[in-house]
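Q: Could you take me through the sheets of this predicted model and say what each label rests on?

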Amino acid sequence: MAVIVFAGGVLTIINERTNSDEATRREVIAVAASIANEPSTPIAIRSENPSAVLQPETERIRMITGVDFIVVMAPDRTRFTHTTVDLIGKPFSGNIDRALAGETFTETYVGSLGPSIRSVTPVTDVNGDIVGLVSAGVTRDKISDQFVSGLPLIIGVVFAAFVVAAIGSVALSRRLRRQTLGMAPDELRSMYEHHDAVLHSISEGLLVFGKNGTAEIVNDEARRLLDLPDGPVRREDLPESLQHMSSGGELHLTDTRVLVVNQDPVMWEGRTLGDVLTIRDRTELQGMIGELDSVRSFAESLRSQAHESANRLHAVITMVELGRPQEAVEFATADLELSQHLIDRLMGSVNEPALAALLLGKVSQAAEQGVELTITEDTALDHAGIVTPRELVTLVGNLIDNAIDASKESEQPWVEVTVRDSTSELVVRVSDSGPGMPTEVLETALTRGYSTKSGSRGLGLALVTQVVTRYRGTLTSEVTYGSVLTATIPTEPTT
């Protein structure tokens with residue numbers, strides 16, 4: 001800023017010096033022309049004593065206009081007037097040829113008063129004949145004195161401009177420092193290059209929101225996980241469950257993914273600048289956890305059955321030792337027929353081993369909790385269509401778990417499960433003796449994290465909804481002979 005201001009000052013001084021010479025030329029031309037064009041001037045030149053008439057008048061005009069000399073002369077250079085009286089009557093020194101030709105001109109010439117800028121103009125009578133010449137001039141010394149006298153003002157303006165520029169520069173620098181959090185341009189460039197590379201390479205989604213609700217940073221992974229379009233992203237563009245999220249970590253579900261989302265405020269010197277959202281994909285992990293839960297449930301069921309079988313075996317052995325073999329055979333056969341009948345029916349009608357194992361395990365699990373779980377006779381699954389075994393286990397397992405928990409609120413808890421398919425759709429119906437779930441409550445339950453019970457088990461129904469929504473199915477709730485939840489999924493892809 002100092003260089004710019006002082007360069008401007010130097011250019012102003014040079015321009016002022018040039019302008020002062022040009023202004024002097026215009027001034028001396030105007031003075032000389034006004035005297036030459038005065039009607040009394042040619043009459044005075046032709047009088048018997050021109051000096052007596054012209055000298056007082058030209059001196060008066062010189063004093064008023066501030067020029068250094070005014071010379072009225074004859075065409076032969078004889079002076080009629082001059083600032084120095086001793087030079088009156090002596091020849092004029094300088095060029096007059098162009099004036100004798102009828103032209104008004106200016107020149108810089110070293111005359112009797114030293115270097116000066118002078119003008120020369122012809123004086124004509126009523127007939128147009130040149131009867132004399134008028135010359136007016138200002139010495140270089142006077143022009144320099146006038147220029148020097150104006151320098152303090154120019155220097156003062158330049159200094160004031162420098163002070164204003166310095167204050168403005170400091171204020172601008174402080175403002176930029178505040179906006180860049182105290183970082184210099186090279187630090188900003190380095191940070192941008194490194195952060196941009198990192199943001200596009202990390203496997204987590206990242207969004208940084210400012211106070212105005214617009215995301216200032218959105219990396220590629222965040223757009224992929226949340227299915228965000230290109231361009232600016234606002235809070236309203238996020239899934240509804242993320243729009244009003246509080247600080248901390250939460251589990252969120254979209255139509256196709258299970259996401260772990262953390263939100264933390266961005267603080268600087270005690271001020272909140274915005275929020276940072278980090279997003280991790282847990283879809284595959286959640287699926288494996290669901291399968292693990294199913295396997296764990298099946299293992300618990302086997303353990304329970306082994307324990308129960310051991311008790312029954314002891315009973316049979318004791319009956320034999322007591323000498324009642326016939327009753328022992330009848331007891332063992334009746335129990336075997338009951339469990340084997342269910343196994344044979346499921347393995348024959350359900351053509352999906354994972355689902356058959358899940359149903360058998362849930363029967364034993366429910367029995368342990370005092371709930372009667374029934375697999376209806378019309379349960380039959382040839383193929384699940386486009387639904388994968390993992391998704392089928394997630395769908396049926398979570399519906400049964402919720403039903404078992406809900407049925408415990410009744411005096412005689414029971415759960416009834418139907419899984420069947422046709423050429424057009426897959427139907428999973430789970431009924432229980434619980435209080436039921438009205439339609440408006442179901443709509444709330446379908447959102448992330450909803451639960452009608454304590455804990456975080458409400459995620460199960462959201463996972464069910466995710467599977468149903470993914471294949472454009474429907475999930476309905478009704479209260480008839482009990483609470484009935486029905487999931488219907490097309491077995492063929494829909495367009």
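Q: What is the order of the 5 strands that form an open sheet, and how are they paired?
A: The order is β10-β11-β12-β14-β13, with mixed pairing. Strands here are DSSP runs of E with at least two residues, and helices are runs of H or I with at least four, numbered from the N terminus; two strands pair if DSSP finds at least two bridges between them. This is a predicted model, in which local features need pLDDT of at least 70, side-chain atom pairs count only at pLDDT 80 or more, and totals for chains, interfaces and linings use all residues. Residues are numbered from 1 along each chain as its sequence is written, and side-chain values use heavy atoms, leaving out hydrogens and water.

Q: What makes β11 and β12 a pair?
A: Strand β11 (residues 414-421) is joined to strand β12 (residues 425-432) by 7 bridges, against the at least two required, so they pair; they run antiparallel. Within this pairing, V415 stands opposite D432 in β12.

Q: How do you know that helix α12 packs on the sheet?
A: Helix α12 (residues 389-407) touches β10, β11, β12 and β14 (483-490), where contact means heavy atoms within 4.5 Å. Its direction makes about 15° with that of β12, taking axes as lines fitted to C-alpha atoms, for helices over the stretch in contact, with angles from 0 to 180 degrees between N-to-C directions.

Q: In the open sheet β1-β4-β3-β2, whose pairing is antiparallel, why is one side of β1 and of β2 left without a neighbour?
A: β1 (69-73) and β2 (105-111) stand at the edges and each has a single partner strand, so one side of each lacks a neighbour in the sheet.
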